[in-house]
Every structure is written in structure tokens, then in C-alpha cells.
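Thanks for making time this morning. I would like to walk you slowly through a few places in one protein model, and please keep the picture in view while I talk.

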Amino acid sequence: MMKSSVLLSLCALLLVSFSAHAELAPPRLFSVYPAGASAGSEVSVEVTGQITEEPSTLVFSHPGISATFVPYEPPKDLPKDKKPPDPPKYHSFKIKVAKDVPPGDYDVRFVGKFGISNPRMFVVSDNPESAETEPNNEKDKANKIALNSVVNARVGGGEDVDWFVFPAKAGQRVIIECRAWRIDSRLDGFMWLYDSAGKQLAMSQDEDIRDEKRDPFIDFDVPADGDYFIKLTDFTYNGSPEYFYRLTVGTQPYIDYIFPPGAAPGSTANIAVFGRNLPGGEGTDLKVNGRPLQKIMKQLQLPSEPEQFTELRFNGLVRPWGAILDGMEVRVKSDAGTSNARLLRYTSLPPVLEAEPNNEIAKAQKITVPCVVSGQLLREDSDFFSFTAKKDEKFVINMISNRLGAPADPELEMLKADGSVVNDAKDIGENIGQLRFTSNGRDCYHNFTAPADGEYTIRLEHLFRQAQGGPHYVYQLEVRKELEPDFRLVCSPPDEIKVDSHVVCQGGRERLDILVFRMFGHNEPITVEAKNLPPGVTADPIVIGKDVKWGTLVVTAAPDAAPVHAEFQVIGTSEINGRKLVRKARGGTMVWDTVNTPALARVARSTMLAIRETAPFLLTASPAEITVTKGQSFDLTMSLKRSPDMPNAVQLNGAGYQLPPNMSIPVKSIDPGQTETKLTINTDKMPEGTFSFLVNGDGQVPVGKDKKNKRCVYPSNTVKVTVQPKPAEPKK
């Protein structure tokens, strides 16, 4: 992983140089505080960010959550000799959450003069909620909070420390959970627990049980009736409105893991839920970080409609490496509230449960291919699975654990019957999302070809098994021979290093970058189109050709398109072996800006587009469809339509890794006073096939009252080129 990060850092400077995205910038949302509310409640929130002029509303990924802007009103009864206070550096909204909104994490976006922002998480609970009140920097000023409630708080500057106190009774199992890093906050929480006499009972910072290690978590048995104190701050003593968090304290249920972590779509699955404070839970001898787990069985009906098999219905955190999965969430509810969510993955392979002892090659568990094995990587544990193969038979081995939210870092080797190593699998190194949506992860994917007839064994273990491991290190090991090629799509805003969103100007164009996860040998062309666009906005379908894992849709807004915002869908279609695959793209979003290192990013729950005022220029390429013989060149006529106050030159260039393989676009300018130029593009090195591409227009645009130049980069329409093979030479 360190090597991958170094390589990404080295590549970043090159990528940014030809993929920089700049335009009349959209709003950028940094924080919504409080960062959540209980179902059926109303809450006033403070919103911070950049480019948030003329606020209109907040929009949410669930229709049961709505917001109303509350304008700032200065004090009315100030003495004449007193200056009115400066307006606050935030906007105020009142949020209403309907009673039927299920507990979970949802997206919220800001809408204002310049369009719609990036999303931030907004959490809905079914517990009473309150907000921190300052000063509470000392124990004797601790905020009183009730058991089984949520307190919304934030760490300010100046080494701010927050204290809270709650009552508890002997014998209760109290869980204290801080959610910050997982809900788009900058806080790296550090938390302590004390009794009323000041004795420290527990502390937490980077918890291994977390799918995100920066959020602290304490689980303790109350030794006596009385008050208990929580102290919480940022690990590095930083603070600002962006250092917000949600602190849940109580006897609410908590799920550590589910087993098996996958089941077949359309089936009725019996899933074991392991965790703490589970309603009706029976004790087990299993422990995580020394704390005992309970178990309950839960019967779940998985969706039976085929179009739902490829959906990710999960109102929790999904990082980029998990965007490829399909599945649904599992929660449990008790009188104290609803638990966290765990992902139940959809998989149609024949299921197998790991059977111990299988921790040496002589005791390897026999499996029949194809199958999916559900197992656990315990401390100092190795799992062995064997199968027979014929010479030159090909297998795909897919190890899924980190993508499920488990803390495992799997290692996988292929062994011969005598125990010698044939080869080993590497971490998934493919990063289709570059800096903005870094998709490589710790799981393994391996293509195995049997060198001879015989029995082969998979050895599977956690990289740090001598010191780590446990029942929550769950995994699914897929072994398949006959592949079913497939793909998944992610639609991402175009900026490579800054928090971004989709905004198109009237009479202008905007990029929708499409990332392609090709699975199990899929390498066919994918036709991608946008659906349910706002009135007046169109997008020509594109073709993402063979060997290509990037595509760029371009949306065009008519000059009279109404300035609205709306959710839209991106749909990809591909045909392979007579089977038509239709897949809906997931949203991708960067959480915080980056420079030359992979950004913190996650899956978004929707894709949104806003239309705003007139574009400074419109670049059009013609013809829009071209058929050419390999080796021939073709000409593009590039036409530029400027707004009346845009006299400057516009430079034309390609977009690096977004172009078809081995295509090169010459750099050329449309100078002041010109409206057209030609680009000549050669196909000598391009592969045969159909591909879509665009040309970037890069110019300095006068902006604002002072007409100060600002760099703006806008795309042309997409051009579809088909490169045909050269005709066969006649035989002599």
C-alpha cells in the first residue's frame, strides 16, 4: 500500500497537468451542524463552506428530509451608538425529518446562486438528540446527557476539550461511540471515560474494530450506580466547524459482524448477527478486543427482482474500493434504539462455510468449484482450501474482506499438493479513480492457470496474524472457472484534487466522468447515457471501448434552460455472449481536497445536476461521428461561441488518460477574433474499435465586477470514432 501511495504521488503531478478542471466554481459544502437529527424532529443547523452566496435550500438523498433557509436578521434594539455585529460566517437552515425516515446516513447538498454543492453526510437516528453547550472544557462544567441519546458536538480551536456526564446503573453494558471520520468530519477523535471519583476506566483513539479507525469507541460494564464522565478532543488538538461529531451513549445494540456476510439474491437467508446489547442475544465465547459478543439469528428476504441484484442499498459508509459490491444493509432494533449497519453482499455462487480445523495443508478443506466460501481469519490462523484442476484450466480467485468493512489485510498463495508455492496473489492494485476516487484496496484478486493435472490448495491468512485477527475478520472467498463478465460504473465530478459537483451553465457544457470497474474478464464496449436530466439539458450517449476504464459524458444546457437542480441517472449497457447487461452508475464524491496524495472519498447516494447562468463560451467539435481506417488521420472542425464579454483566446487540448488508447490531440488555440480552427488526429497507434472522446477548451474568462480573468476549462461535445482494420493486402 505504501508503494502504491508513492506511485500515485509521483503520477499526480502529471495527471493534474492535463486533467485540471477549472470553471466558474460551484458551491463547496464543508459542514452541516448538527450533523444529524432524530426521525420526526425539526432542527436548526449551521452550514459552512465556500461560494455559498444567495443560499436557497438544502437537498437530501431521502425525500422525507427537507430544509428551509432562515435569513440572518441583525438585532433590532441596538443603541444608536453601538455598531451592529458582523453577520455570522455560516448560513442557517431549519431541517425537518419525517417520522418514517429509517435510521441511517444520508447525503445533504447546499443549493445557492452558483449551483449545487458536493454532498455531506446527514445522520438520522431514532434516539433523542441534543447539542453540546459551551463552556464544557472542564469536568465540573460537563454537559449532562441522558442514557440512550445522541449529542451533536464539535471541537473548536485553541485546544478545545469537551466533557459530558451521564448516569448509569450497575450491570448495564454501555456503549459510547463517536462518529466523525465516517461522517465526513476532519476530527481524529480521542476519548476517555472516568468515574465520578476521577478514576480513568477506559480510553480509545484508533480502534481496530472500526471500519474507519479514527473514530473512538468504548464498551464497558457499569461497576456501580452513579455518574460517568466522557472527555473528548481531537488527537492533534486541531479544531474548527469542520471538526464535528456525533456521540451516542447508551445500551443500544451494536453489530460487530454478520455471518455469512453474503447470500443469494431472491433467497430467504438465515444470518447470524454477532455484537453487543443485541435484543434477545445469547452469550458466546467470542470476543473482540477482550469484550464478549452476543448472537442472534435474523431471517432476511433478499430482493428477487433481477434489476435489484446489482444495486447497493446501504445507508452507511462505502469507500471507493467497496463501490464494486452489490448488497443490502442489516440492522437490529431494541428499546434502546437501532444498531449500526452491516453489509450483506449479494452473491449467487454455491455457498460453503469454512470448517475448522483447516489451518494446515494436510487438513485443507475440500471445495468444489465454483463456490463462495464464508470464513473468518482468527489470530495466528491460516485457512487452507483445496480443489482439483486439469492442466491449463483457468480459475479466478476473488478474496473479499476489506471491501465488506472488515479490518483484514488478506494474503493468498496457491500451493501444489507437496506444499510448494505456485504463485501468490497481490492486493488489488488497479486504481481506476486516480487521486479523486482511489479504488485499489487490501483484498486479493488472482487469475490462476493450473500448470498440470492435480490438486491445488489456497492458503489464506491475515498479513499481521501474529498480533491481529478475530471473529470479526470475516471474508468471502470466491473460486470460479466459468466467468460471467460484468461491470460497475461510478459517476464522479471532474475535478481531480478539489471537492466538486455537477453544474452546467446555460448555453454551455459540463463533464460527467465515468469510472468503469470491469469484472471477471469483461472487455466489451459499454454504451453510457444519462437519464432523467432536467428540461433543456441533453447528453449524447458515449461508447467506452475495449481496454478502456474511463469515459466522459458531456451534458449540454440550452441557452434558455431553467436554473434548476435535479437528480439524474447514468446508465451503462453492454452485450457479452448474447447477454445484455444494464447497470446504473453509483455516485462518487471526494470528501476533502488533496494535492498529490489519494483523496479521502466515498460513494454518494445520488447524482445531482444544477443549471446556472450563461456559459462564457461553447466549444463544438464536428463531425460528431467518424469512421476511419486504422493508420489514417481525420480532421475535426472546432467551433467556438463566446459570450459578449469573453474576448480571450481559448486553448484546445486533450485529456490524457480520458482519451482512447494511444490517441493524441494536438495543442492549438482559437485566438481572439477567431471562431474556428481544425485539429488533425492520427490513428496509427490506436486500437481498432469504437471509442468516444472530447476536446477541452481552456481560457481566461473575465469574471465579476472588476472583470478579473479566471481560468475556465469546458469540454466540447463528445465525438465517436470507429477505427476499422486496414483492408487485407491482395495476395501476389
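Let me begin with the second largest pocket, whose lining residues divide into 19 nonpolar, 13 polar and 18 charged. Please keep in mind that this is a predicted model, and that the pocket I am describing has a volume of about 1,100 Å³. The second largest pocket is lined by 50 residues, and those that lie nearest its centre are Asn398, Arg480, Asp486, Met519 and Phe520. If you want to trace the lining along the chain, several strands give two or more residues to it, among them β34 (394–400), β39 (474–480), β40 (486–492) and β42 (509–519).

Now let us move to a single residue, arginine 182, which you will find in the loop between β14 (173–179) and β15 (189–195). Is arginine 182 buried or exposed? Its relative accessibility is 5%, and because buried means under 20%, arginine 182 counts as buried. What does its side chain reach? The side chain of arginine 182 comes to 3.1 Å from the backbone oxygen of cysteine 178, and a polar contact of 2.6 Å joins it to the side chain of aspartate 215.

My last stop is a hairpin, in which strand β23 (residues 282–288) and strand β24 (residues 291–301) pair in the antiparallel sense over 4 bridges. Within this pairing, lysine 287 stands opposite proline 292 in β24. There are 2 residues between the strands of this hairpin, and asparagine 289 takes a positive phi near 50°.

How values were computed
Residues are numbered from 1 along each chain as its sequence is written. This is a predicted model: local features need pLDDT of at least 70, side-chain atom pairs count only at pLDDT 80 or more; totals for chains, interfaces and linings use all residues. Side-chain values use heavy atoms; hydrogens and water are left out. Two strands pair if DSSP finds at least two bridges between them. On a 1 Å grid over the protein atoms alone, a cavity is a set of points where a 1.4 Å probe fits but cannot get out, and a pocket is an open set with protein on both sides within 12 Å along at least five of seven lines; lining residues have an atom within 4 Å of a point. Grid points are joined across faces, edges and corners, and a volume is the space filled by probe spheres set on the points. Ala, Val, Leu, Ile, Met, Phe, Trp, Tyr, Cys and Pro count as nonpolar, Asp, Glu, Lys and Arg as charged, and the others, Gly among them, as polar. Buried means under 20% relative accessible area, exposed over 50%, partly exposed in between (1.4 Å probe, protein chains only). A polar contact is a pair of N or O atoms within 3.5 Å; within protein, one must be able to donate a hydrogen and the other to accept it, and residues adjacent in sequence count only if both atoms are side-chain atoms.
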